[in-house]
Every structure is written in structure tokens, then in C-alpha cells.
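This report describes helix packing and one pocket in a protein model. The sequence and structure are shown first.

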Amino acid sequence: MYDLIVIGGGPAGYHAAGEAGHRGLKTLLIEKREVGGVCLNEGCIPTKTLLYSAKIKDNAAGGEKYGVKVSDISLDHKRVLARKKKTVAALVGGVKAVLKSAGVETITADASITGRDDDGFQVKCGDSVYSGKRLLIATGSVPVLPPVSGMDEALKSGFAVTNREILELEQIPEKLTVIGGGVIGLEMASYFASAGSDVTVIEMLEQVGGPIDADISGLLKKNLEKKGIKFFLESKVIEVKQKSVVYEHKSGKNEAAADLVLLSVGRRAYTQGIGLESIGVETHRGAVKTDGRMQTNIPGVYAAGDVNGMSMLAHTAYREAEVAVNNMTGKEDTMSYRAIPGVIYTHPEVAGTGETERSAKEKGLDFRAKTLTMRYSGRYVAENEGGDGIAKILIDNRYGRIIGLHMIGSYASEMIYGACMMIEQDMTIEAIKKTVFPHPTVCEIIKELVFQI
Ligand code: NAI
């Protein structure tokens, strides 16, 4: 009998298991593939190793303007892949070590909940049945496969791939067509353009990057177009053919030629076949329904990470895992989704948190916004010849509190946590003004924004 059985070993599952183990809960973690989940094995981490190589290459190619003479620059994709493999293996090893030191038992198996009795919940893995006093469902998400004609065949033949297969690709395709200009689509478009592919992105909405700030989305698109990426917005893919993708725009039907198609139209919670119905766990729009304590409708059963459909980001999953374990171990804790950072690791990178102008208007908030060029930062100018980065702050008019910050430019991903803390701690611009920022850094742009708004 375990105190806790965790199903799924991604960021939510492994972090929760480790925390629970350290706090003395007898914990079993069941993962059908490799601990680390999508994030570590076929998402965040492998993508970042690829994008870092692309960034070095892009910087080298633009080296002349910084007084660096360079020639014959190219990406050796096979070596990039080898380094990706090494990086992933090292980090998976790290997760395993943490689990071991926390005393967590880990098994590789496909788990399914089969029922409950006075002892707790039963989880079946092949011929074995395990019992746990509590359950944490952390089964993550899977790619959305849209009902597009020819898509199934294309996925079967390998002409179309998802985020998993594209990270294993040995050859750089000549023409890559990306369906969906969200985070995966843009990051992969950015890498493959640097690696030499002729990349086309087809996006249904009027902007790329999903719900990010509209000005930043426009600037990101402009920067990616400079790399040679072609975008078709307000264009919905309706068919995948042998060597092309057909999409519909208000001007009519069009076709984009392709050697490879990346399908990146979103992800959905993975809830099928894990036996939720056997104990009556409630779902909402295909995701496990949770409250602010990450508890499902069944006492003792928690869900964290993509499977609850709240934010589908690894960093949200970590925090949700902590909230779940805190509540399991008698420490009251509530999840806040107010300042979840969103990052797109393209070059230039994008990061934002809190309200955007669009979301603030939709909520009827009384706010003001200020946008500044990143060129107010001396370090930005020194390091970004011709850079067009911007930062935008949103302040609520009633209390003078920061409610949103959005940036495009170098180090945006590393700076955003500061804004998340400011929002979570309800900091006012007066309080931020009293903070000493290091000089010269790009984060001084935040200080400049609060002085100018
Ligand atoms: P996404 O939701 O970010 O973007 C999907 C895009 O596809 C949307 O813009 C949508 O309008 C478009 N679309 C849908 N159907 C279409 C059609 N038929 N034709 C043309 N466009 C269509 O989803 P994505 O990029 O697949 O990423 C999945 C998840 O992975 C996200 O939840 C994201 O949070 C996570 N992720 C996060 C990363 C990060 O934090 N840097 C990196 C990669 C993934």
C-alpha cells in the first residue's frame, strides 16, 4: 500500500513524486515511456538545445557587424542532434537521481485506474495491481490531430510529423510547411530556417504566437520573415496532399508545396484509457477538472500538469505539483494562474506575463499601458546591432499595480520571472521604483518603463 501513486512522470509527476518522497510519503511513480515526460524528452529541453545551436549560427553569420570575421558557417544537424541526445540523457539521469534520493519507487508501465475499496485506489499495470491512499493524475497531453483530409495518411507515411518525430529528424527538409503558428510551430520554424529549410507557416488566426501581445506578435513575425520564413495568416489548412498542403483564406483556396509537414495545432489533455471513469473522476472539455488545491471531485485524487487543461506549460505543472503535495500533506495551498510566464524561444525571444491589452480590455479593467524600445537599455544596444526589441507594461489605474509585462528581445525569457513576482506580490510602480536594478542590463528596461508610465 502506497501513500501516493503518481501516474505520469513528466514535470508534474516527477516533481510531485520527489516532493512527496522527501516528505516521507511512500510514493510510487508509474511512467510508460521515460521519466521527464514530453518536456524533457521531446519538448522544452530538446527544442532548446536545437535553438541554441541555431542562435550561435545566426550570431556567427551576423558577426561582421560586431567586428568578428567569420566564413563558411553552417549547422551540422547530425551533431546538433547528438548533443540534444546527450543533454536529454544527462537531465533524465538527474531526474532519476532526485527520485531515488527521495525514496520514490519508479516503474515503467502503462497504468490504468481500476477502482477503489476501503484501502484506497487500485492501479493496474499489466498483471500487477497497486494500491494507493492517494492518486495524482499527471498523464499530460497529446498533440491535437485536426480532422483535415489526408492528415491520417500523411502522419502514417511520415510526410506529416508532430513535435516528437521532428526532433528526431536526421535530414533537414528542403521545404518545411508548418500547420499552426503557435509556440511549437514558431520555435521549429525558427530552427529549421536557420538550418537551411525553406519554411512556410500557415496560421488560422490573424496573428502568430497565440494570445501574446499583438505588437510583439507583429514584431516577432517581422523578425522571422527576415530569416526567410513565409507566413500565411487567417489561413486554415483543409487538406494535406502528397507533396503539398491546401489552405483556405478569405481570398480563396491556396496550396503550399512541402517536403515535410509539421503539425502543431495545439495539444489536448491525455485522459483516455487511464480508467478515470472507474472511480468517477469528473472531466471538463476533455481535461480532468480540478479546484485551486489541484483536487478532483474525488477526495484523495489530484491532477496536475497538462492533464487538467489549465495552462499546459511545464512551469505551471511544477507549481501545480507543489500545490497538490502541500494539500496532501496538510499544508493549505492554492494555485494562482495570475502571472504564469509565457515564453517563445525564437531568436529574438518573446516573454510575457499577466494581462495583455486585449485580455485587460475584455475584462473591463481600468488600466494604462506604456511601450518602450529596448534601446533604452545600454546593454541591449551594445549587443543588438539594429535590434528592434520592445517592452510593454500594463498598470492598473486604481492601485498603480503592475498587471502585465510583455517583451521581445534578448534575455526576455530570463527577465520575465521578475515581472511574475511583481504581479504575484501586488507590487506598485512606486515600490518598483525603489528597487535598484543592475547596470548595464537589459532588465533596466523594466525600471525605465515604471518611471515613464
Ligand atoms: P498552440 O496552441 O500554441 O498553437 C496552435 C496554433 O495552431 C494556433 O495558433 C491555432 O490558431 C493554429 N491552428 C489550429 N488549427 C489550424 C488549422 N487547421 N490551420 C492553421 N492553423 C491552425 O499549440 P502548439 O504550438 O501545438 O503547442 C502545444 C503546447 O505546447 C502549447 O500548449 C504550448 O503551451 C506548449 N509548448 C510550450 C512551449 C514554450 O513554453 N516555449 C514550446 C512548445 C510547446
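## Helix packing and a pocket

Helix H1 (residues 11-22) and helix H10 (residues 314-328) cross at roughly 35°, and their axes come within 8 Å. The model in which this crossing is found is a predicted one. The crossing of H1 and H10 is right-handed. On the H1 side, the contact is made by Pro11, Ala12, Tyr14, His15, Ala16, Glu19 and Ala20, while H10 contributes Ala314, Ala317, Tyr318, Ala321, Glu322 and Val325. This contact of H1 with H10 comprises 10 nonpolar, 1 polar and 2 charged residues.

Helix H3 (residues 44-61) packs against helix H7 (residues 183-194) at an angle of about 45°, with axes 9 Å apart. H3 and H7 are therefore oblique to each other. Their crossing is left-handed. Thr47, Lys48, Leu50, Leu51, Ala54, Lys57 and Asp58 of H3 meet Glu187, Met188, Ser190, Tyr191 and Ser194 of H7.

The residue classes of the two contacts and of the pocket lining are tabulated below.

| Site | Nonpolar | Polar | Charged |
|---|---|---|---|
| Contact of H1 with H10 | 10 residues | 1 residue | 2 residues |
| Contact of H3 with H7 | 5 residues | 3 residues | 4 residues |
| Lining of the second largest pocket | 11 residues | 3 residues | 2 residues |

The second largest pocket has a volume of about 290 Å³. Its lining consists of 16 residues, and Met415, Tyr417, Phe437, Pro438 and Cys443 lie nearest the centre of the pocket. Helix H13 (residues 412-424) gives the most to this lining, with 5 residues.

Key
Residues are numbered from 1 along each chain as its sequence is written. This is a predicted model: local features need pLDDT of at least 70, side-chain atom pairs count only at pLDDT 80 or more; totals for chains, interfaces and linings use all residues. Side-chain values use heavy atoms; hydrogens and water are left out. On a 1 Å grid over the protein atoms alone, a cavity is a set of points where a 1.4 Å probe fits but cannot get out, and a pocket is an open set with protein on both sides within 12 Å along at least five of seven lines; lining residues have an atom within 4 Å of a point. Grid points are joined across faces, edges and corners, and a volume is the space filled by probe spheres set on the points. Helices (H or I, at least four residues) and strands (E, at least two) are DSSP runs, numbered from the N terminus. Ala, Val, Leu, Ile, Met, Phe, Trp, Tyr, Cys and Pro count as nonpolar, Asp, Glu, Lys and Arg as charged, and the others, Gly among them, as polar. Axes are lines fitted to C-alpha atoms, for helices over the stretch in contact, and angles run from 0 to 180 degrees between N-to-C directions. Angles under 35 degrees count as roughly parallel, over 145 as roughly antiparallel, 65 to 115 as roughly perpendicular and the rest as oblique. A crossing is left-handed if the near helix is turned anticlockwise from the far one by less than a right angle, and right-handed if clockwise. Contact means heavy atoms within 4.5 Å.
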